[in-house]
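Here is a quick walk through one protein chain, from the overall layout down to a few individual residues. Have the viewer open and follow along.

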Amino acid sequence: YEVTGRNGNSIFLPAAGYRIGDTLYDDGGYATYWSSTPFESDTDNAYILHFGEDYRYVNKAYRYRGRSVRPVLED
């Protein structure tokens with residue numbers, strides 16, 4: 001999935017699936033990426049971007065599960 005910002009720069013977010021323990025789920029099927037923001041009412045969770053081929057939304061997820069991180073350098 002390619003995301004293009006207002007400044008015209010873009011990044012690629014692969015559908016890397018997620019991990020629970022040593023098990024990888026849905027590699028190539030969909031992706032979940034961590035945000036840097038914990039969920040306000042439950043700090044065991046944090047916000048994630050969750051997407052597949054035909055959907056995308058923001059949700060929360062337990063912080064101990066393995067989700068992707070895509071670091072971006074701010075200009």
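## Y18 and its strand

A quick definition before anything else: strands here are DSSP runs of E with at least two residues, numbered from the N terminus. With that in hand, Y18 can be placed in strand β3, which covers residues 18-20. Bear in mind throughout that this is a predicted model.

Is Y18 buried or exposed? The cut-off for buried is under 20% relative accessible area, so Y18, at 15% relative accessibility, counts as buried. Setting aside neighbours within four places in sequence, Y18 is in contact with T23, L24, Y25, D26, Y30, T32, G66 and R67. There's also a long-range pairing to look at: Y18 and R65 sit 47 residues apart along the chain, yet 7.6 Å separates their C-alpha atoms.

## The chain as a whole

How many helices and strands does the protein chain have? The count is zero helices and seven strands, so the pattern read along the sequence is simply β-β-β-β-β-β-β. If you're setting up a box, the C-alpha atoms fill roughly 35 × 30 × 20 Å along the principal axes.

Of the 75 residues in the protein chain, buried ones make up 25%. As for contacts, take those between residues at least 6 apart in sequence: 26% of them join residues at least 24 apart.

## The three-strand sheet

Strands β5, β6 and β7 make an open sheet of three strands, in the order β5-β6-β7 and with antiparallel pairing. The edges are β5 and β7, each of which pairs on one side only. From one strand to the next, the twist averages 30 degrees. Strand β6 is mostly covered, with seven of its eight residues buried.

Start with β6 (residues 45-52) and β7 (residues 55-62), which run antiparallel and are joined by eight bridges. These two strands form a hairpin with two residues between them. If you want to trace the register, G52 stands opposite Y55 in β7, H50 has Y57 as its bridge partner in β7, and L49 stands opposite V58 in β7.

On the other side, β5 (residues 31-38) is joined to β6 by five bridges, again running antiparallel. β5 and β6 also form a hairpin, with six residues between them. For a register check here, look at A31, whose bridge partner in β6 is F51.

## D26, a loop residue with positive phi

D26, which turned up among the contacts of Y18, is found in the loop between β4 (23-25) and β5. What is the phi value of D26? It is near 55 degrees, a positive value in a residue other than glycine.

D26 doesn't make the buried class: buried is under 20% relative accessible area and exposed is over 50%, with partly exposed in between. At 38% relative accessibility, D26 therefore counts as partly exposed.

## S68, after the last strand of the sheet

Moving down the sequence, S68 has its place in the segment after β7. At 16% relative accessibility, S68 is under the 20% cut-off and so counts as buried.

Which residues is S68 in contact with, leaving aside its neighbours within four places in sequence? The set is A16, G17, T32, Y33 and W34. T32 also shows up in the contact set of Y18. T32, Y33 and W34 fall within the residue range of β5, 31-38.

## The largest pocket

Now for the spot you may want to put a grid on. The largest pocket holds about 190 Å³ of space. Eleven residues line the largest pocket, and the closest to its centre are N7, N9, S10, I11 and V72. Two elements give two or more residues to the lining of the largest pocket, namely β1 (2-4) and β2 (10-12).

What is the chemical mix of the lining? The residues of the lining of the largest pocket divide into four nonpolar, five polar and two charged.

Methods. Residues numbered from 1 in each chain as written. Predicted model: local features only at pLDDT ≥ 70, side-chain atom pairs only at ≥ 80, totals over all residues. Heavy atoms only, no water. Pairing = 2+ DSSP bridges. Helix = DSSP H or I, 4+ residues; strand = E, 2+ residues; numbered from the N terminus. Buried < 20%, exposed > 50% of the residue type's maximum accessible area, 1.4 Å probe, protein only. Contact = heavy atoms within 4.5 Å. 1 Å grid on protein atoms, 1.4 Å probe; cavity = no way out; pocket = protein on both sides within 12 Å on 5 of 7 lines; lining within 4 Å. Points joined across faces, edges and corners; volume = space filled by probe spheres on them. Nonpolar A, V, L, I, M, F, W, Y, C, P; charged D, E, K, R; others polar. Axes fitted to C-alpha atoms, helices over the stretch in contact; angles between N-to-C directions.
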